[in-house]
Amino acid sequence: MADIAEIRHRIKSVQDTHQITKAMELISVAKMRKAMIKQSFSSVYFDSVRYTLKDILRHSSDVRNRYTVHRPDTRTAYIVIAGDKGLAGAFNNNVLNLAWEHMKQRPVHYVVTIGQMARAFFESREQQVDLEFTHAVTNPTLHDARGIMRDILELYDRNLMDEVYVVFTRMLSASSHEPKIVKLLPIEADDIEADVKPTFSGEIYYDPSPKEVMDVLVPEYLVGMIYSTLIHSSASEHAARMMAMSNANKNAEKMLDALNLEYNRLRQSAITTELLDLSSGRFFSENDLYKKVKSNGKSR
């Protein structure tokens with residue numbers, strides 16, 4: 001059985017850990033809200049780009065772009081987005097396992113990782129990481145998205161890959177998020193997530209030309225997709241860490257209640273023992289004094 005000093009030490013240790021997890025929970029809440037605000041500000045523009053691009057692809061089948069043409073080979077590239085650190089429950093494992101299972105279905109594939117946990121995951125499975133981006137998921141910016149898009153398109157233009165998938169975690173709400181795979185290249189109307197309802201059946205005219213319109217829209221669409229996946233992954237990671245730290249705080253409070261109860265029980269037991277020892281000592285002292293007085297009376 002643990003003694004009072006050991007229980008006191010364990011209580012102090014749990015209290016220190018509880019303070020850390022509480023601070024991490026508050027930080028994750030603030031970062032999650034910040035990421036959601038960034039997503040809401042940017043979604044208006046990028047949703048318009050997606051809507052327009054999907055509308056063009058549906059109504060103008062003769063409009064072509066090098067990023068909408070299918071290639072015969074199946075060299076697949078995966079952009080896998082995970083976190084830079086753990087302590088976020090099953091957030092990293094869910095998205096990385098989804099990517100790994102999908103890769104098994106492709107004979108030839110390339111891996112592009114965003115986040116240190118993604119790189120460590122594939123290295124532990126002896127899977128070569130062909131391109132790596134660090135610190136892009138911590139605080140995503142449009143500059144990060146454009147840099148990633150530029151490098152991916154350079155490899156795609158050099159005919160080193162035939163299709164590109166992005167694997168990320170979509171945030172549905174503060175308490176709900178799911179890993180998801182989205183096809184990035186080549187671009188197809190069915191892969192663009194935009195609710196486009198046909199409102200006319202006429203011919204569409206582009207100024208100055210369909211090719212130039214597509215050349216402007218396609219890069220913006222790709223930047224918007226990459227930026228949106230980065231934002232969703234970042235917000236989902238902070239939400240997962242917030243829930244993980246919240247559960248840790250609840251467990252710490254339960255442990256503290258149990259330890260405090262055990263501490264008070266041991267302390268009460270020690271006090272009772274001391275009182276019994278004091279009472280027993282007083283009884284023996286008074287008894288000895290009585291015997292001594294009695295013996296003195298007889299001697300007289």
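**Exercise 1. Find how many residues the hairpin between E4 and E5 passes through, then work out how these strands pair.**

Welcome! Start at the turn: E4 and E5 are joined by a hairpin through 2 residues. Keep in mind as you explore that this is a predicted model.

Next, follow the two strands away from the turn. E5 covers residues 176-185, and it pairs with E4 in the antiparallel sense over 9 bridges. One of the partner pairs is serine 173 with serine 176 in E5.

**Exercise 2. Look at E4 and strand E1: in which sense do they run, parallel or antiparallel, and how many bridges join them?**

Step one: locate E1 at residues 75-81. Step two: compare the directions of the strands; E1 and E4 run parallel, joined by 5 bridges. Step three: pick out a partner pair, such as isoleucine 79 with valine 166 in E4.

**Exercise 3. Decide why strand E4 can be called largely enclosed.**

First, mark out E4, residues 163-173. Then apply the cut-off: a residue is buried when its relative accessible area is under 20%. Of the 11 residues in E4, 9 are buried, so the rest of the structure largely encloses this strand.

**Exercise 4. Which residue forms a salt bridge with arginine 75, and where do the two partners lie?**

A helpful idea to begin with: oppositely charged side chains can pair when their charged atoms come close.

Now to the pair itself. Arginine 75 forms a salt bridge with aspartate 162, with 2.9 Å between the closest N and O atoms. Arginine 75 sits in strand E1, while aspartate 162 is in the loop between helix H4 (142-157) and E4; the pair links distant parts of the chain, 87 residues apart. Finish with the surroundings: arginine 75 and aspartate 162 are both buried.

**Exercise 5. Compare two more salt bridges, arginine 146 with glutamate 220 and glutamate 262 with arginine 265.**

Take arginine 146 and glutamate 220, whose side chains meet at 3.8 Å, N to O. Arginine 146 belongs to helix H4 and glutamate 220 to helix H5 (residues 210-299), so this pair ties together parts 74 residues apart in sequence. With a relative accessible area of 35%, arginine 146 is partly exposed, whereas glutamate 220, at 19%, counts as buried.

Turn to glutamate 262 and arginine 265, where the closest N and O atoms are 2.7 Å apart. These two are 3 residues apart in helix H5, so about one helical turn separates them. Glutamate 262 is partly exposed at 27%, and arginine 265 counts as partly exposed at 42%.

Conventions:
Residues numbered from 1 in each chain as written. Predicted model: local features only at pLDDT ≥ 70, side-chain atom pairs only at ≥ 80, totals over all residues. Heavy atoms only, no water. Buried < 20%, exposed > 50% of the residue type's maximum accessible area, 1.4 Å probe, protein only. Helix = DSSP H or I, 4+ residues; strand = E, 2+ residues; numbered from the N terminus. Pairing = 2+ DSSP bridges. Salt bridge = Lys/Arg side-chain N within 4 Å of Asp/Glu carboxyl O.
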